[in-house]
Amino acid sequence: MKHQLLAVVVAAVVTSGPRGLAETTPFSFSGAGLGGSLVLTYGPNSVVGDPVGSYAITGVSGVFSDAKLGLSDMTITGLTPINPVSPYKGLPFPVSFSSIAVTNPPYPGEGTSYDNLYYPGGSPVVCPDYPGSGGYLDVFGVAFKLSNGFTVDLFSNGTVAAGQPLYYGVVVINEAGTIVDSALAVPEPASAALLGAGLLVVAAWGGRKRRAG
């Protein structure tokens, strides 16, 4: 299955508010037929074992579009709750690390990962096999539902070296649990094939997204 690779431009503005209370931030992204205009609600993270500086995303609203799938300003109906599978095979992922089962590729018990964490100061390295960091989301990302029943996983691919651009990616899963679109931003063409493979292939960490069992 061939997957399109694209740069996703993200703009986020952190709003100020009383510490300890829920806060909101607009979060928009677009590129090559994909786009979204979101409002994230987040608050203090009470999960012991999640990264320092992380906040728990407690709500999401807005719209999402995917030209490839014919989706235009689809209403976001809510957050996909975390369903922690930590520790994942002994790896030191965030305790909130969760997984959505998918039918492709047909690896039993495998899925796409998310943790619904937000980092106003930029995410740290959260995956020992991939050094990307620095996004408002980490490499596992946030998952949310659309009004047509689809699920979207939005994540940061981070940067691995000073001066490199920071990119984001998207995975779209239909009601049957099949990935119907995926877009992974890459810093250079040479790494595109590896990163694209790493998104959906469990063996060999070519990219940042590990499947969870």
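Strands are DSSP runs of E, at least two residues in length, numbered from the N terminus. Proline 44 belongs to one such run, strand β3. The model is a predicted one. Proline 44 counts as partly exposed, at 48% relative accessibility. Its C-alpha atom is separated by 9.7 Å from that of threonine 58, a residue 14 places away along the chain.

Confidence comes next. The mean pLDDT of the chain is 77, and 72% of the residues score at least 70. Among the elements of the chain, β5 has the highest mean pLDDT, 98. Helix α1, residues 189-200, has the lowest, 31. Two stretches fall below a pLDDT of 50: residues 1-9 and residues 185-208. Beyond near neighbours in sequence, residues 1-9 have 31 contacts in the model. On the same basis, residues 185-208 have 54 contacts.

Strand β2 has two faces. Its covered face consists of Glu23, Thr25, Phe27, Phe29 and Gly31. Its uncovered face consists of Thr24, Pro26, Ser28 and Ser30. β2 runs antiparallel to strand β3, residues 34-44, and nine bridges join the two. Serine 30, on the uncovered face of β2, has glycine 35 of β3 as its bridge partner.

The largest nonpolar core holds 24 residues. Leu38, Phe64, Leu137, Phe144, Leu146, Leu154 and Val170 touch the most other members. At least two residues of this core come from each of β2, β3, β4, β5, β9 (142-146), β10 (151-158) and β11. The most come from β3, which gives four. Leucine 38 has contacts with Thr25, Pro26, Phe27 and Phe29, leaving aside its neighbours within four places in sequence. On that count, leucine 38 is also in contact with Val60, Ser61, Gly62, Val63, Ile76, Phe144 and Leu154. Another core, of nine residues, lies apart from the largest one. Its members include Phe93, Tyr119, Cys127 and Val139.

Aromatic pairs were examined next. The structure holds eight of them. In one, the ring centres of phenylalanine 27 and tyrosine 168 are 5.9 Å apart. The planes of these two rings stand at 80°, so the pair is edge-to-face. Phenylalanine 27 lies in β2, residues 23-31, and tyrosine 168 in β11, residues 167-173, so the pair ties together parts that are 141 residues apart in sequence. Phenylalanine 27 has a relative accessible area of 1% and is buried. Tyrosine 168 is also buried, at 4%.

A tilted pair is formed by phenylalanine 29 and phenylalanine 64. The distance is 6.3 Å centre to centre, with 40° between the planes. Phenylalanine 29 is in β2 and phenylalanine 64 in β4, residues 55-66, so this pair ties together parts that are 35 residues apart in sequence. Phenylalanine 29 is buried, with a relative accessible area of 4%. Phenylalanine 64 is buried at 0% relative accessibility. Phenylalanine 64 is also one of the core residues that touch the most other members. Elsewhere, Tyr42, Tyr55, Tyr118 and Tyr136 form one aromatic cluster.

Charged pairing was searched for over the whole structure, and one salt bridge was found. The side chains of lysine 68 and aspartate 181 meet there, at 3.5 Å from N to O. Lysine 68 lies in the loop between β4 and β5, and aspartate 181 in strand β12, residues 179-184, so the pair ties together parts that are 113 residues apart in sequence. The partners contrast in accessibility. Lysine 68 counts as exposed, at 54%, whereas aspartate 181 is buried, at 3%.

Backbone geometry was considered last. Aspartate 73 is not a glycine, yet has a positive phi of about 50°. Aspartate 73 lies in strand β5, residues 71-79, the element with the highest mean pLDDT. Asparagine 116, likewise not a glycine, has a positive phi of about 55°. Asparagine 116 is found in the loop between β7 (111-114) and β8 (117-118). The relative accessibility of asparagine 116 is 4%; asparagine 116 therefore counts as buried, the cut-off being under 20%.

Terms used
Residues are numbered from 1 along each chain as its sequence is written. Side-chain values use heavy atoms; hydrogens and water are left out. Rings of Phe, Tyr and Trp (its six-membered ring) pair if their centres lie within 6.5 Å; planes under 30 degrees apart count as stacked, over 60 as edge-to-face and the rest as tilted. Buried means under 20% relative accessible area, exposed over 50%, partly exposed in between (1.4 Å probe, protein chains only). Two strands pair if DSSP finds at least two bridges between them. A salt bridge is a side-chain nitrogen of Lys or Arg within 4 Å of a carboxyl oxygen of Asp or Glu. pLDDT is the predictor's confidence in each residue, from 0 to 100. Contact means heavy atoms within 4.5 Å. A nonpolar core is a set of buried Ala, Val, Leu, Ile, Met, Phe, Trp, Tyr and Cys residues joined through side-chain atoms within 4.5 Å.
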